[in-house]
Amino acid sequence: MENIKLFATKQLRSNYEDSTRYVEPYVSLEEETNEVSYNIEKNIIKITVAQGQTATITKYASNTDLSGTGNNIVLNEGENILNIDADYPYGFKCSSNQDKVVGVDLKQFKGTEIWNYAFQNCNAISSITIPDSVSIIGSRSFEGCSSLSVVNFNNNTTKIFAGAFSGCEKIKEIVLSKNIKTIDAGAFEHCTSLSLITNFDNLTLLGTSAFVGCVSLKKIVLPESLDKFGGNVFTGCSSLSSVTIPSSITLYKPNNFKRCTSLTSITFTSKTPNSNYLSEMINNPIRNIYVPQDAVQAYKTAQGWESYASMIKPIEQ
């Protein structure tokens, strides 16, 4: 166990802090409240292994190691405390442990990224809290965590990479980071219980198949910040009944709503009809197409759109 400095008084602690630039663990007594305060600056992750089981994690050998070629480390039953800076500077993955890993505590993790495949297929994990230090959630990092039902995002995460939460079938609600910019390909595909997503406000990119097969999702309002909209994003979202597509999009790949068999209403905030959007009308039970009031006639007479003229209406105020 690493040494921890103990200070009898707040003044002694202050003297120590003033005399050195090093940040070390310490415990001191707060004289005014007679309470003990702690300064534990270690970068750690706690992993709990099921009773009577062991789990194996694989260290990444370098920043460019994508498959885990470093040493295998055996974790014993109960809580295991991993010192990231000292022992796992490039991260690790524990994707072969299935139901052996039953808990992951990231509260004292100070890294900026959850590594690729870090907890893939750890299907006994039920909740995870992303700490404030994390800005990137790596590819497939929680893929196949089939018992994961609660994900607490921070407000600093900007990117969720490919397949990060793919197949997390018990997640019901996602409150995204307010600063999220990128949701990459398949990030939440086949999250079959997912019914609500909020905090899209600053999103700029939605990758291909990002929410494919999210059969419980009912409504989507995409933000005016969205620039790139990748193809098949909401394919197979059979409960989705309404969607709003913003005018800000500059790259739109068609067929984002294939097999959305409950989709009856689409709102387009752009005043200019875009032929790429026509693919969304095919094989979906669209009854209402809402557009800006001063663009209704332009939509009704635009090539390809005239077939849907009776459905085109001004956006409801």
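This report covers the overall build, the salt bridges and one pocket of the protein.

**Overall build**

The model is predicted. The protein has 317 residues, and 45% of them count as buried. Its secondary structure comprises three helices and 25 strands. Among contacts with a separation of 6 or more, 37% join residues 24 or more positions apart. The accessible surface comes to about 15,400 Å². Carbon and sulfur atoms hold 46% of that surface.

**Salt bridges**

Side chains of opposite charge can pair when their charged atoms come close. The structure holds five salt bridges. Three pairs, with their N to O distances, are set out here.

| Pair | N to O distance |
|---|---|
| D105 and K107 | 3.8 Å |
| R140 and E143 | 3.0 Å |
| K228 and D227 | 2.8 Å |

How exposed are the partners D105 and K107? D105 is partly exposed, with a relative accessible area of 24%. K107 reaches 70% relative accessibility. K107 therefore counts as exposed, since the cut-off for that class is over 50%. At 3.8 Å, this pair lies within the 4 Å limit for a salt bridge.

The bridge between R140 and E143 spans 3.0 Å. R140 is partly exposed, at a relative accessible area of 25%. E143 has 19% relative accessibility. Buried means under 20%, so E143 falls in the buried class. This pair does not stand alone: R140, E143 and E189 are linked in a network of salt bridges.

K228 pairs with D227 through their side chains, at 2.8 Å from N to O. K228 has 35% relative accessibility and counts as partly exposed.

**The second largest pocket**

Which residues line the second largest pocket? Its lining consists of Y60, S62, N63, D65, L66, P89, Y90, E113, W115 and N116. The space inside is about 160 Å³. By class, five lining residues are nonpolar, three are polar and two are charged. The charged residues are D65 and E113, because Asp and Glu belong to that class. Y60, L66, P89, Y90 and W115 make up the nonpolar part, since Tyr, Leu, Pro and Trp count as nonpolar. S62, N63 and N116 are therefore the polar members of the lining.

Technical notes. Residues are numbered from 1 along each chain as its sequence is written. This is a predicted model: local features need pLDDT of at least 70, side-chain atom pairs count only at pLDDT 80 or more; totals for chains, interfaces and linings use all residues. Side-chain values use heavy atoms; hydrogens and water are left out. On a 1 Å grid over the protein atoms alone, a cavity is a set of points where a 1.4 Å probe fits but cannot get out, and a pocket is an open set with protein on both sides within 12 Å along at least five of seven lines; lining residues have an atom within 4 Å of a point. Grid points are joined across faces, edges and corners, and a volume is the space filled by probe spheres set on the points. Helices (H or I, at least four residues) and strands (E, at least two) are DSSP runs, numbered from the N terminus. Buried means under 20% relative accessible area, exposed over 50%, partly exposed in between (1.4 Å probe, protein chains only). Contact means heavy atoms within 4.5 Å. Accessible areas come from the Shrake-Rupley method with a 1.4 Å probe; for residues, only the protein chains shown count as cover.
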